[in-house]
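The following paragraphs introduce a protein chain to a reader who meets it here for the first time. They proceed from the surface and the overall fold to two patches on the surface.

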Amino acid sequence: MGLSSVRYLSLLVLVMTATLRMTEGEVDEWHDSIGTEKVTRLHFYMHTSSTSKDPTVVTMAEAPTTKDSPSSFGLLGMTDNILTEGPEPTSKYLGRAQGLLAASSREEWTLVMATGFVFKEGSFSGSSLSVLGRNTFMDSIRELPVVGGTGLFRFARGFAAVKTYWQNTTTHELIEEYHVTVMHY
């Protein structure tokens, strides 16, 4: 181990030790700075396109048997979908839905989603919500868990009720409507 590595580790131990030695008053001050819990309800639309010249979802990998599967089991994709205030693509831009999708059922169209809803415009600009869970994609209404957040959504937990607003199975374009309820500080 080089000298710079030793210095780095020494500094890391010093910082960790100082962090662990917060006084009871400092802990109370940190806790009080969190604020009071709020409930926020959001409504927005997510636009997905997989075959356009500028796709918002792409296939990253697939199992050798994915193409023979009725549910595309084993498919892994990456998303960078657009979030808008209304269903029209020209509606006010709010942000992006960025994450991973995996076709996780051999019997039905079901995705496991790990997605960050990143708000770049509007009153929640700079904040994000994290969704991690099972999306029964073909159901008319789906419920997805919100498991965290950043910025104004710190300590978020809640759910998103999602329904397909419009889809074109030929061009593989999709607009989903999201009603999100989160509790946060």
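Accessible areas are obtained here by the Shrake-Rupley method with a 1.4 Å probe. By this method, the accessible surface of the chain amounts to about 11600 Å², and carbon and sulfur atoms account for 58% of that surface. The model is a predicted one. The chain has 185 residues, of which 34% count as buried.

The secondary structure consists of 2 helices and 9 strands. Read from the N terminus, the order of the elements is α-α-β-β-β-β-β-β-β-β-β. As for contacts, among those between residues at least 6 apart in sequence, 48% join residues at least 24 apart.

Two patches on the surface may now be considered. One is negative and is formed by Glu24, Asp28, Glu29 and Asp32. Of these residues, Glu29 may serve as an example: Glu29 is placed in helix H2, which covers residues 24-33. Its relative accessibility is 60%; because exposed means over 50% relative accessible area, Glu29 counts as exposed.

The other patch is nonpolar and comprises Val58, Met60, Met78 and Leu100. Together these residues have about 310 Å² of accessible area. Leu100 belongs to strand E4, which spans residues 93-103. How exposed is Leu100? With a relative accessible area of 36%, Leu100 is partly exposed, because this term applies between the limits of 20% and 50%.

Key:
Residues numbered from 1 in each chain as written. Predicted model: local features only at pLDDT ≥ 70, side-chain atom pairs only at ≥ 80, totals over all residues. Heavy atoms only, no water. Patch = residues over 30% accessible without salt bridge, like charges linked within 9 Å, V, L, I, M, F, W, Y side chains within 5 Å. Salt bridge = Lys/Arg side-chain N within 4 Å of Asp/Glu carboxyl O. Lys, Arg positive; Asp, Glu negative; His and termini not counted. Charge placed at Lys NZ, Arg CZ, Asp CG, Glu CD. Helix = DSSP H or I, 4+ residues; strand = E, 2+ residues; numbered from the N terminus. Buried < 20%, exposed > 50% of the residue type's maximum accessible area, 1.4 Å probe, protein only. Contact = heavy atoms within 4.5 Å.
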